[in-house]
Amino acid sequence: MVLQLKKCGMDCLDELLQISKKTFVDAFEKDNDPEDFNAYITTAFDRKKLEEELMDPDIEFYFVYLEDTLAGYFKLNENHSQTDIKRPESIELERIYVLQSFQGNRIGEWMLWEAQKIGAKKGKEYLWLGVWEKNVQAIKFYLKHGFIKFGTHPYYIGKDEQTDWLMRVNLSNLDLP
């Protein structure tokens, strides 16, 4: 299995918009009120919003390909583009998604490792993320990979206030090539 990482630029906008919506809908639509969920999708994955994020020097999107086929993506935020912490020693993994047809191949694990390596190479002390408290499978995944819970924050899907666990992993002890 050959995985490849590609940093996204403005030329990736259409594909990024498509995979962002698809993976989020597949993961969470069934667990949310349709009206709130559609309001969130319309706002979070707005074309203009993604354009602005792609132009922000503190936001990076990465596509992950299996062979030559797009299998997933992740998003990293630094400095004031982080949703919460906003510390110079931290980097946020805001999104990490694998298309359903590629799940079960350890691609998410590989993506998580790549995100950690990027953070470490940037000199960050830790990588953090928010994960929905009801997403038990994801929480187990992060715990298995050394993340610890350090707080919570509200996350809105439309008008529905949900709670995300804030989790982090130390990057200083990574064994980088």
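User: How do strand 2 and strand 3 pair, parallel or antiparallel?
Analyst: In this predicted model, strand 2 (residues 59-66) pairs with strand 3 in the antiparallel sense, over eight bridges.

User: What sits between them?
Analyst: Two residues; the strands form a hairpin. Glutamate 67, in the turn, has a positive phi of about 60°. Beside that turn, which residue is the bridge partner of leucine 66? It is threonine 69 in strand 3.

User: And which way does strand 4 run against strand 3?
Analyst: Strand 4 (residues 90-98) runs antiparallel to strand 3, and seven bridges join the two. Tyrosine 73 stands opposite tyrosine 97 of strand 4.

User: Why is strand 3 largely enclosed?
Analyst: Nine of its 10 residues (the strand covers 69-78) are buried, so the rest of the structure largely encloses strand 3.

User: What about histidine 80, buried or exposed?
Analyst: Histidine 80 is exposed, at a relative accessible area of 66%. It lies in the loop between strand 3 and strand 4.

User: How far is histidine 80 from leucine 16?
Analyst: Their C-alpha atoms are separated by 22 Å, and the two residues are 64 apart along the chain.

User: Switching topic: how many disulfides?
Analyst: Zero, on a search of the whole structure. Cysteine 8 is in none, and its nearest cysteine sulfur is that of cysteine 12, 4.1 Å away.

User: Why no bond there?
Analyst: Because 4.1 Å between the sulfurs of cysteine 12 and cysteine 8 is too far for a bond; the cut-off for a disulfide is within 2.5 Å.

User: Are those two buried or exposed?
Analyst: Cysteine 8 is buried, with a relative accessible area of 9%. Cysteine 12 is buried as well, at 2%.

Methods:
Residues numbered from 1 in each chain as written. Predicted model: local features only at pLDDT ≥ 70, side-chain atom pairs only at ≥ 80, totals over all residues. Heavy atoms only, no water. Buried < 20%, exposed > 50% of the residue type's maximum accessible area, 1.4 Å probe, protein only. Helix = DSSP H or I, 4+ residues; strand = E, 2+ residues; numbered from the N terminus. Pairing = 2+ DSSP bridges.
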